[in-house]
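Have a look at the protein below. We'll go through how some of its helices pack, and then through the spaces inside it.

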Amino acid sequence: MYKMICIDIDGTLIRPDHTVSQDTIKAIRRARDRGVIVALSTGRMYRSALMYSDELEIDFPIISANGAYVKDKASGEVLYEKNLSKKDMKFIVSILDRYGVKINFYNHDTMFISETRDYVQKYEAMKLTLPPEKRIEIKYLTEEFTLGQFIEECGGFIEKGIVFPHMDIISAIRGEVAENRFIKVVSSAEDNIEFTSHLADKGLAVLALAKAMNIMPSEIIGIGDSENDLSMLQVVGLPVAMGNAIPLLKDAATYVTDTNVNDGVAKMINKFIFGEE
């Protein structure tokens, strides 16, 4: 019997319009009521994932920032945290500067923005309606608060960096940064690159959470769609890829479910938790 399901958010739990289908909500709540731990496992910040956890009405730990930050939603205890060092942040920025690429950095509740994108504006709008304890704070890196000052003040407390370079230079940037063995380099979409500590990936976070919850890895289902989900699928008892997953993930999976548009998460839960086809 599986005791825990670790579910990616973007491209897995949610549809392209960023909503969760009613069938998926129902399946997750059924699993919860069966006693299964349902842990969201995402590249998003903790507070961004928290919104979906609240919508699903689950009170379980959340794996965020590609595994850099794991927090028990119920108790507030941080179960795992591995941040980028000041040295490694400087290394990343030195490479990006040569390519003319700007980076945004995150921790669990704050974005530090060099490049304003659509998602930043979305979170700015959400701040107007959310209570303070659930808001994502946004700090812009400017001439008054430069990237260099930010690294000096916040280095060692940052979980993830993300960039959106032109497609023709993504491979080159990835290759150069990956030469630093203290930095993990992955993508959650074809147009981005994400940087975390080498001790931070979804696989390591799942293992840390399993230990904290006294669950064997063989008793866990992991499900995702992108490269940043690969490490998670490699450590769980049942690795599941979405029907819309990249080929790399499908090759690593024991089972391929339906797409995020067609309730792939719900169908997987109904099959492997409840024995329903």
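What follows covers two helix pairs, then two pockets and a cavity.

Keep in mind that this is a predicted model.

**Helices side by side**

Let's start with α4, which covers residues 86–99, and α7, which covers residues 167–178. Their axes are 10 Å apart, and the angle between the two is about 150°. Angles over 145 degrees count as roughly antiparallel, so that label fits α4 and α7. As for handedness, α4 passes α7 in a right-handed crossing.

Which residues make this contact? From α4 come Phe 91, Ile 92, Ile 95, Leu 96, Arg 98 and Tyr 99, while α7 brings Ile 169, Ala 172, Ile 173, Glu 176 and Val 177. Sort them by class and you get nine nonpolar residues, two charged ones and no polar ones.

Now try the pair α2 (residues 22–34) and α11 (residues 264–272). Here the axes come within 8 Å and cross at roughly 35°, and the crossing is left-handed. On the α2 side, the residues are Asp 23, Thr 24, Ala 27, Ile 28, Arg 30 and Ala 31. They meet Val 265, Ala 266, Ile 269 and Asn 270 of α11. This contact has six nonpolar, two polar and two charged residues.

**Pockets and a cavity**

Next come the spaces. Here are their volumes and the make-up of their linings.

| Space | Volume | Nonpolar residues | Polar residues | Charged residues |
|---|---|---|---|---|
| Largest pocket | about 920 Å³ | eleven | twelve | 13 |
| Second largest pocket | about 160 Å³ | six | three | two |
| Largest cavity | about 30 Å³ | five | no | three |

Which residues lie nearest the centre of the largest pocket? Look for Asp 10, Ser 188, Ala 189, Asn 192 and Glu 194, which belong to a lining of 36 residues. Three elements each give at least two residues to that lining: α1 (9–13), α5 (118–126) and β9 (160–163). The largest share, four residues, is from α5.

In the second largest pocket, you'll meet a helix you already know. The largest share of this lining comes from α4, with three residues. The whole lining is made up of Val 93, Leu 96, Asp 97, Val 101, Lys 102, Ile 103, Ser 114, Leu 141, Thr 142, Thr 146 and Leu 147. If Leu 96 rings a bell, that's fair: Leu 96 is also part of the α4 contact with α7.

How many cavities of 30 Å³ or more turn up when the whole structure is searched? The search finds one. Around the largest cavity you'll find Arg 47, Met 51, Tyr 123, Met 126, Lys 127, Leu 130, Lys 134 and Ile 136. Both α3 (46–56) and α5 supply at least two residues each to this lining. That makes α5 another helix to remember, as α5 also contributes to the lining of the largest pocket.

Terms used: Residues are numbered from 1 along each chain as its sequence is written. This is a predicted model: local features need pLDDT of at least 70, side-chain atom pairs count only at pLDDT 80 or more; totals for chains, interfaces and linings use all residues. Side-chain values use heavy atoms; hydrogens and water are left out. Axes are lines fitted to C-alpha atoms, for helices over the stretch in contact, and angles run from 0 to 180 degrees between N-to-C directions. Angles under 35 degrees count as roughly parallel, over 145 as roughly antiparallel, 65 to 115 as roughly perpendicular and the rest as oblique. A crossing is left-handed if the near helix is turned anticlockwise from the far one by less than a right angle, and right-handed if clockwise. Contact means heavy atoms within 4.5 Å. Ala, Val, Leu, Ile, Met, Phe, Trp, Tyr, Cys and Pro count as nonpolar, Asp, Glu, Lys and Arg as charged, and the others, Gly among them, as polar. On a 1 Å grid over the protein atoms alone, a cavity is a set of points where a 1.4 Å probe fits but cannot get out, and a pocket is an open set with protein on both sides within 12 Å along at least five of seven lines; lining residues have an atom within 4 Å of a point. Grid points are joined across faces, edges and corners, and a volume is the space filled by probe spheres set on the points.
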